[in-house]
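Here are a few exercises to work through with the model open beside you. Try each task before you read its solution.

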Amino acid sequence: MTNIMLEVAMFGSTEELSKRLALTGYFIDPVTTQVVYLATKLQKPLLLEGPAGSGKTQLAVALAAAAGTHVERLQCYRGVSEEKAIGRFDESLQRLYMEFSKGQHESWQALQANLKGRDFFRPGPLMRALECDQPCVLLIDELDKVDDGFEAQAFKRACSCFGLGRYLYNFTEVWVPLNEYRQPSEYPRLPQWALPKGNNTDKSHPADGSRHPAVQRGPIDQKTTVRIEGFRRILGDPIYGEILWRVAHTRQGSAIPNAQLQANVVEAMERASRGFSKAHSLAEQIGETSFIAILDRLRIESMTTIPRLEMLKTLVVELEREAARSAA
């Protein structure tokens, strides 16, 4: 499966596109020509599916030649990384910069801001396609072979932080710097047309940079970090992640910004673990058959997949009722 994202020079008509493709030695039927023409006209991605050797990749090459531009190709495969697609920071260049800029910065924060700037970023094919001087053809080959995690992270980050969304919507590209926790240090402001209808412009929008108040960063306790990460096995991924996000606005225990928030997270996770202990104790009282029946009624597959804290509370209440009936 091949995905071609088009931002090439416009063709005047389907006939003109067909003639230009023919000059490159690539011939397609009128229906396909019309589809390709509309994709270039609307600047929308074109998804091609077919057996090997059917001409999917060659269409991108021929289209680029017909438009007088070039192809940026991302070859996908199982295990392809985000760095391979988007790019990565050049660590050797960052170290060299630090050596030559000693004593020239007012603070560590200023130095860090420079190191995380665009000058030290070595782009991959997605970034090169966005930043090339003239419109090009972005070829994403074997798209169906990538892992789900790559689709969720690499393409989401490319769309939201690096401007790939302008291929899908009428967004202008923008560079969004990330902090040391790989989170945007500021969010681009959405245009008015992209906001929900009836949006009150006096109120802040979730994407305008005011999602959460600024969190003071400070020293953290590594032992507490290990302790927090140990709760994942007890609570399961859903509730573990919910507590992290509610208390510390993060998805990873290692990214909690200060010791006070670490203590708050530990306290919340201890309360949740007590709820799990109580649920296990009540399950032993009422017996396996009744316990499984309650899980089925609440649509809970297992204790490690309870989706929300609220569902854990509901489970404990149901178990207490069943234990009371059994005792009576």
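**Exercise 1. Find the handedness of the crossing of α9 and α10, and then describe their packing.**

Step 1. Helix α9 passes α10 in a right-handed crossing. A crossing is right-handed if the near helix is turned clockwise from the far one by less than a right angle, and left-handed if anticlockwise. Helices here are DSSP runs of H or I with at least four residues, strands are runs of E with at least two, and both are numbered from the N terminus.

Step 2. Two record notes help before going on: residues are numbered from 1 along each chain as its sequence is written, and side-chain values use heavy atoms, with hydrogens and water left out. This is a predicted model, in which local features need pLDDT of at least 70 and side-chain atom pairs count only at pLDDT 80 or more, while totals for chains, interfaces and linings use all residues.

Step 3. Now the contact, which means heavy atoms within 4.5 Å. On the α9 side, I228, E229, F231, R232 and L235 take part, and on the α10 side D237, I239, Y240, I243 and L244 do.

Step 4. Sorted by class, these residues are seven nonpolar, no polar and three charged. Nonpolar covers Ala, Val, Leu, Ile, Met, Phe, Trp, Tyr, Cys and Pro; charged covers Asp, Glu, Lys and Arg; the others, Gly among them, are polar.

Step 5. Helix α9 spans residues 222-235 and α10 spans residues 237-248; they pack at an angle of about 140°, with axes 7 Å apart. Axes are lines fitted to C-alpha atoms, for helices over the stretch in contact, and angles run from 0 to 180 degrees between N-to-C directions. The two helices are therefore oblique to each other. (Under 35 degrees is roughly parallel, over 145 roughly antiparallel, 65 to 115 roughly perpendicular, and the rest oblique.)

**Exercise 2. Describe the packing of α12 with α13 in the same steps.**

Step 1. Helix α12 (residues 288-297) meets helix α13 (residues 309-327) at about 140°, with axes 11 Å apart. That angle makes α12 oblique to α13.

Step 2. Their crossing is right-handed. S290, F291, I294, L295 and R297 of α12 touch L315, E318, L319 and E322 of α13.

Step 3. By class, this contact has five nonpolar, one polar and three charged residues.

**Exercise 3. Decide whether T224 is buried or exposed, and do likewise for V226.**

Step 1. T224 is found in α9, and V226 also has its place in α9.

Step 2. T224 is buried, because its relative accessible area is 19%. (Buried means under 20%, exposed over 50%, partly exposed in between, with a 1.4 Å probe and protein chains only.) V226 is exposed, with 57%.

Step 3. Leaving aside residues up to four places away in sequence, T224 touches Q262 and V266. The C-alpha atoms of V226 and G253 are separated by 8.3 Å, and these residues are 27 apart along the chain.

**Exercise 4. Look at the phi angles of H249 and R299.**

Step 1. Most residues other than glycine have a negative phi.

Step 2. H249, not a glycine, has a positive phi of about 55°. H249 sits in the loop between α10 and α11 (259-286) and is partly exposed at 28% relative accessibility.

Step 3. R299, also not a glycine, has a positive phi of about 60°. R299 lies in the loop between α12 and α13 and is exposed at 77%.
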